[in-house]
Structures are given as structure tokens and as C-alpha cells.
Amino acid sequence: MTAGILVSAPIQGFEHINRYWDRQRGIEAAKLLPGDYYVTDRAELITTVLGSCVAACVYCPGTGAGGMNHFMLPHTDHARFASSEEQCLGRASRYGNFAMEFLINGVLRYGGCRRDLQIKLFGGASVVANLGRVGVSNVEFVMAYVEREGMALVSYDLGGVFPRKIVFDPRTGSVKLKKLEQLANDTIMRRESSYQQIVNGTAPEGSIELF
């Protein structure tokens, strides 16, 4: 394997997802940005970085099918999503209620059995202390969702003040987590500020920069 070269073509429907060769682990990986979700039954990892956002890792032991989402805000409804006040956010999968539905249905399409699905949850940090309850609201939403849907919650690491990097292996359900106590740039801070403006009903200054 040569660094930077993928051996497999993108999965249909997920051509927009950034996939790369993880030289450290010797395996392909898909990197999710806010609002993305990804489902696979291949031998590959799924990774993302979370601030106040939440990622759900859903997998079906025995089938190898699994996926991850990365949602920014808890929920919206179809009417509000279509309105001008939320046009700045664009994709429905940036909201937890849509992102969870897309992810679970995707895992089922790849052979997962609903009664066997297991879930792990991460994120929801209060990265910027004076920017409100976005992280808390995301955590409250996803915990209520898991309980309402009767899903098997295997583990979670939610809340706190530090961003997290998540590396998920959907074949095994294993997750490697690193809390980022030092940040290389201010991308997460600027993104968190944009979320809060949306929650407050004010348009963010400039576009939301996703990384």
C-alpha cells in the first residue's frame, strides 16, 4: 500500500465523504465533518472530531455493518427546516432527529438487524463556557432518543469541557477516544459560536466553516 492511495472505490451515496489511508493503523478511514453520516460493511475505520456536537456509533455484531453520524443541533421539524431561519444550516443530517434516522436505516440496509443494534455515544462538550447549552441539549436529545427507541446503549462519554477525537471500527464496535485538551487552531471555537447564534435565532456572521 502506498500512502495516500485508496484501494477501494467510494461507497455509493457517500462519495462526498473524505476517505484516506490511515498509515498509523494500516487501514482505510472515513473522516466525518459536522452534518455527515457514514455507513459501511467494509474493513475501514470512521473518525471525527467533536465539540458540542454528538456522534452516535451504531453497529450490528455478527454482520460487520455499522456507521457513525455527527450532528450539530438536537432536532428540527420539516416545516422549520424548510424555513429561511434554518437555511443557513442546509442538510437535514446536521440535526439529531434526522441524523439518527438516517444512520439507523443505513445500518439496516447494510444487513444489520434492528433488535441486535448496539450504540455508543460521544461528544456534547461545553467547549466555550459562555455560549449556552448546545452541548447539553445535544446530550439530552440523544439520551432520550436511545431510551425511547429501546436501543442497547453499550457505552458513552458525553459532556465535559474538552473536544474529543473519535475513531470507530464498525466491524467490532470498538472506539478509541482522545480528549483534546490542547487545540491546534480556533476552528472548533468559531464553529461553536456559530451554533449558538443559530439556536438564538440569529444568522451567523459569515458561513459556518466546517473542517
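Four helices and ten strands make up the regular elements of this protein, which you are looking at as a predicted model. If you walk along the chain from the N terminus, the elements run β-β-β-β-β-β-α-α-β-α-β-β-β-α. Try following that order with your finger on the structure.

Some overall numbers help to set the scene. The protein has 211 residues, and 48% of them count as buried. Its accessible surface comes to about 10100 Å², and carbon and sulfur atoms hold 49% of that area. What share of the contacts with a separation of 6 or more links residues 24 or more positions apart? In this protein that share is 60%.

**Two helices that meet**

Now find helix 2, which covers residues 96-109, and helix 3, which covers residues 134-149. Their axes come within 10 Å and cross at roughly 45°. Because of that angle, helix 2 is oblique to helix 3. Which residues make the contact between helix 2 and helix 3? Helix 2 brings Gly96, Asn97, Met100, Glu101 and Ile104, while helix 3 brings Phe141, Val142 and Tyr145. Sorted by character, the residues of this contact are five nonpolar, two polar and one charged. The crossing of helix 2 past helix 3 is right-handed.

**Four residues to look up**

Next come four single residues. The table gives each one with a partner, together with their separation along the chain and the distance between their C-alpha atoms.

| Residue | Partner | Apart in sequence | C-alpha to C-alpha distance |
|---|---|---|---|
| Ala30 | Pro10 | 20 residues | 9.8 Å |
| Asp41 | Gly111 | 70 residues | 8.5 Å |
| Thr48 | Arg164 | 116 residues | 8.3 Å |
| Met68 | Ile119 | 51 residues | 9.6 Å |

Let us start with Ala30, which lies in strand 2, residues 27-31. Is Ala30 buried or exposed? Its relative accessibility is 0%, so Ala30 counts as buried. Leaving out residues up to four places away in sequence, Ala30 touches Ile17, Asn18, Arg19, Tyr38, Leu45, Ile46 and Thr47.

Asp41 sits in the loop between strand 3 (37-40) and strand 4 (44-50). With a relative accessibility of 43%, Asp41 counts as partly exposed, because that class lies between the 20% limit for buried and the 50% limit for exposed. Beyond its neighbours within four places in sequence, Asp41 is in contact with Gly64, Ala65 and Tyr110.

Thr48 belongs to strand 4. What makes Thr48 count as buried? Its relative accessibility is 1%, and buried means under 20%. Setting aside residues up to four places away in sequence, Thr48 touches Leu32, Ala55, Met68, His70, Arg164, Lys165 and Ile166. Arg164 is therefore worth finding on the structure: the C-alpha atoms of Thr48 and Arg164 are 8.3 Å apart, although 116 residues separate the two in sequence.

Met68 is part of strand 6, residues 65-69. This residue is buried too, as the relative accessible area of Met68 is 0%. Which residues does Met68 contact, apart from its neighbours within four places in sequence? They are Leu32, Tyr37, Tyr38, Ile46, Thr48, Ala55, Ala56, Cys57, Leu103, Ile166 and Phe168. Thr48 is one of these partners, and the contacts of Thr48 likewise include Met68.

Technical notes:
Residues numbered from 1 in each chain as written. Predicted model: local features only at pLDDT ≥ 70, side-chain atom pairs only at ≥ 80, totals over all residues. Heavy atoms only, no water. Helix = DSSP H or I, 4+ residues; strand = E, 2+ residues; numbered from the N terminus. Buried < 20%, exposed > 50% of the residue type's maximum accessible area, 1.4 Å probe, protein only. Contact = heavy atoms within 4.5 Å. Areas by Shrake-Rupley, 256 points an atom, 1.4 Å probe, with all protein chains shown as cover. Axes fitted to C-alpha atoms, helices over the stretch in contact; angles between N-to-C directions. Parallel < 35°, antiparallel > 145°, perpendicular 65-115°, else oblique. Left-handed = near helix turned anticlockwise from the far one by under 90°. Nonpolar A, V, L, I, M, F, W, Y, C, P; charged D, E, K, R; others polar.
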